[in-house]
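Got the viewer open and the sequence panel showing? Here is a walk through the chain, one selection at a time.

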Amino acid sequence: MHRFVSVAKQTAASLGCQGPGGCRGGRRDMALRCAAWLAAGRQPRCPRLPPPAREGTVRRSSAAKASAVKITEKASREKILTLESMNPQVKAVEYAVRGPIVLKAGEIEKELRKGIKKPFTEVIKANIGDAHAMGQRPITFLRQVVALCTYPNLLDSPSFPEDAKKRARRILQGCGGNSLGSYSASQGINCIREDVASYIERRDGGVPADPDNIYLTTGASDGIATILKILVSGGGRSRTGVMIPIPQYPLYSAAISELDAIQVNYYLDEENCWALDVNELRRSLNEAKAYCNPKVLCIINPGNPTGQVQNRKCIEDVIHFAWEEKLFLMADEVYQDNVYSEGCQFHSFKKILYEMGPEYYNNVELASFHSTSKGYMGECGYRGGYMEVINLHPEIKGQLVKLLSVRLCPPVSGQAAMDIVVNPPIPGEESYSQFIKEKESVLNNLAKKAKLTEDMFNKVPGIHCNPLQGAMYAFPQIFIPSKAIEEAKAHKMAPDMFYCMKLLEETGICVVPGSGFGQREGSYHFRMTILPPVEKLKILLEKVKDFHIKFLEKYA
C-alpha cells in the first residue's frame, strides 16, 4: 500500500497539485482518490488542479497515464472462482429443460420486444410442464385455502366457503404463532403429514400409511435429490450406481453428476409404447457391476418424457427384481392424476408392494414422490411436495431427518398447497361441486390434447409418436436426413439440437431435443408439452408439421 500511495502522489505531482493538504502535501486519502479517478480515465476533483481541459486539448501527460495504468495493474488480482477452480461436479451438471434452447428463446423474445422482425409474432415455450404459464386456470378451492392461510383476516369474510376456512384454521393451528410465515418442523407440519397419510390410504384401497414415514419437500425434486444424496457412497468400483430410465427426466442425470455417482442407463422399449422390460433391467445391472455398485433403481410412472403408464404386471416384475437384486426403489409418481388412455390405470408402487405379501412389503426399501406441480393442480410455483419412505433402517431415518434439518423446512405455503391436494373437498361439502367440475375439466382437456397431439404427429411424414397414455408431454421420434446431420456436426451440435434450434428460429416454437433426455444411438426425438390451450396447440402442431416437411425437402 505504501508503494501504491507513493506512485499516486507522483502521478498527482505530474499534474501540478502542489498545495498544502493536497496529494503532494501528504494527504493519503486524496492521493488514493486521485489515483482511482485517473485509472478510470476521469479528471481528479482536486481544488489544487486547474479546471478540466476543453475537448480537443490534452488532459494528462503520458507520465500520468503510465502511472495510472501501473496502479490499476497492481490493484487487480485473479478471481478465486473460475471455471478451472470451481466444483467439477457442478460443471458437469446439465439440465436440458432449461438449457441452451431456452436461453435462445429468451434472446428471441427480447428481439421481438425491440421490434426486430421475425417470421412469427411470439415464442411458444412448449419446453416445460408449467401449466399456469400456459394459461391453465388455478383450482379455486386450493387458492382460497392458501389465501386464508396467508392473510387470516379473511377468515371473517363471507366471501370464502366454510370448508375452505375449516382447512385453513387447521393448517394455521399447526404453524408456530398461527402464522404461515413461521418455520415448520423439518419433516413438515404434522397435521399435513397426517392428511398425506390418509390420502395414501384412500388412494391405495386401505393400505396403511404412517405419518412418521411422510416427509414434506420443496417439490418432488427436493425429495429425489435428498434420497440420492443419502444413498451415494463408496469409491472406484464400489461407487454407488443409480439405474435410471432412458429417456429420463434430466433431474436424475443432473443430481447423479452433482453427487459424483455413477449413472446406469436402462432403455425403455419405444417399439412397445415405451414399456419397461425386466430383461433390459437385468442387462443394465449386470454390465454396471463391472465398474460400480448399482444399488438404486429409479422409476418414473407415468413416464416423463415418454408418457407411458405401467401396468400391474410390469410393476410386480420390477418390485421382484429390486427385491432379488437388493436395490433401493425410487418411484417418481408426480403424474399419478394424469392418465388418459383407455385401459390404462395408475397403480402406486406402494400398493402393489403391499399386495405382493410380507416378504416383499417388509423388506423392499421404497421412496415414493408426489408434487403440487403436476396433475390437475399445476401449482409449480408453490414448490409443494412429499415423499413417503418405507422400510428405512431406524438409524438412517435419524440421518435423513438430520439432512433435511439443514435446509430448515420446505416452504410453508407449499406445504399448505400440498394439503389441499391430499385433502380436497368431499361430497356433501359446499365447495365439492365446483372443485370436481374444475378438476375434471382440466383432466378431460389434457386427455383431448394428448389424443390430438398423437394423431396430428402421426400424419406427418418422418414423425412417429407413441400414444400419450399419461403425464403431459409428447416425445415423438423424428427422421433427420444425413445432410442435416452433417451440417449439425459442422455447427458442433447434436442433430436433434440442430433441428430444434431451426424450429425455434423459423417458427418461434421452443421444444427440448431428445438428446437432453437420452435416447438410443441413431434415433432422434424432441419433448413437447401438451399444455397450451387447444386452439393454440393446433396452431403449434400445424407449424411443426409445415416446418418438418420443409426441413426434409431442404436436406433431402
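Start by selecting Tyr252, which is buried, with a relative accessible area of 1%. Keep in mind throughout that this is a predicted model. Tyr252 sits in helix α10, residues 251-258. Show its surroundings and, leaving out residues up to four places away in sequence, you'll find Tyr252 touching Ile224, Ile244, Cys298, Ile300 and Asp332. Now add Ser221: Tyr252 and Ser221 are 31 residues apart in sequence, and their C-alpha atoms are 9.1 Å apart in space.

**Zoom out for a moment**

Color by secondary structure and you'll get 20 helices and 14 strands. The chain has 556 residues, and 51% of them count as buried. Contacts between distant parts of the sequence show up well here: take the contacts with a separation of 6 or more, and residues 24 or more positions apart account for 70% of them.

**Into the core**

Which residues touch the most other members of the largest nonpolar core? Select Ile227 and Met330: they hold that place among its 121 residues. Stay on Ile227 and display what it touches beyond four places in sequence: Phe328, Met330, Ala367, Phe369, Met387, Val389 and Leu400. There is also a second, separate core of 34 residues, and you can pick out Val278, Ala288, Cys292 and Ala322 among them.

**Two cis prolines in one loop**

Go next to the loop between β5 (293-300) and α12 (312-325), where Pro302 is found. The peptide bond joining Asn301 and Pro302 is cis, with omega about -10°. Slide along to Pro305, which also has its place in the loop between β5 and α12. Asn304 and Pro305 are joined by a cis peptide bond too, this one with omega about 20°.

**Positive phi without glycine**

Select Cys273, in the loop between β4 (262-267) and α11 (278-288). Its phi is near 55°, a positive value in a residue other than glycine. Is Cys273 buried or exposed? At 19% relative accessibility, Cys273 counts as buried, because the cut-off for buried is under 20%.

Then jump to Ala471, in the loop between β9 and β10. Ala471 isn't a glycine either, yet has a positive phi of about 60°. With 0% relative accessibility, Ala471 counts as buried.

**Along helix α17**

Select residues 432-457 to light up helix α17. Try the distance tool on its end C-alpha atoms: they are 38 Å apart, which agrees with the 38 Å that 26 residues should span at 1.5 Å a residue.

Now show the side chains of the buried residues in α17, including Phe435, Val442, Leu446, Leu452 and Phe457. The buried set in α17 has charged names in it as well, among them Glu438, Lys449 and Glu454. What covers the buried residues of α17? The cover includes α6 (140-150), β9 (463-464), β10 (473-474), β14 (526-529) and α20.

While you're on α17, click Glu440, which lies in this helix. Glu440 is partly exposed, with a relative accessible area of 44%. Pair Glu440 with Tyr376: the two are 64 residues apart in sequence but 8.1 Å apart in space, C-alpha to C-alpha.

**A helix crossing**

Select α18 (residues 482-490) together with α20 (residues 534-555). These two helices pack at an angle of about 85°, with their axes 7 Å apart. That makes α18 roughly perpendicular to α20. At the contact, Lys483, Ala484 and Glu487 from α18 meet Phe551, Lys554 and Tyr555 from α20. By class, you're looking at three nonpolar, three charged and no polar residues.

**Last stop: helix α19**

Finish with residues 495-507, helix α19. Its end C-alpha atoms are 18 Å apart, in agreement with the 18 Å its 13 residues should span at 1.5 Å a residue. Of those 13 residues, 11 are buried, so α19 is largely enclosed by the rest of the structure. Click through the buried residues, including Pro495, Asp496, Phe498, Tyr499, Cys500, Lys502 and Thr507. Just after α19, stop at Gly508, which takes a positive phi of about 80°.

Terms used. Residues numbered from 1 in each chain as written. Heavy atoms only, no water. Axes fitted to C-alpha atoms, helices over the stretch in contact; angles between N-to-C directions. Helix = DSSP H or I, 4+ residues; strand = E, 2+ residues; numbered from the N terminus. Parallel < 35°, antiparallel > 145°, perpendicular 65-115°, else oblique. Contact = heavy atoms within 4.5 Å. Core = buried A, V, L, I, M, F, W, Y, C linked by side-chain atoms within 4.5 Å. Buried < 20%, exposed > 50% of the residue type's maximum accessible area, 1.4 Å probe, protein only. Expected span 1.5 Å × (residues − 1).
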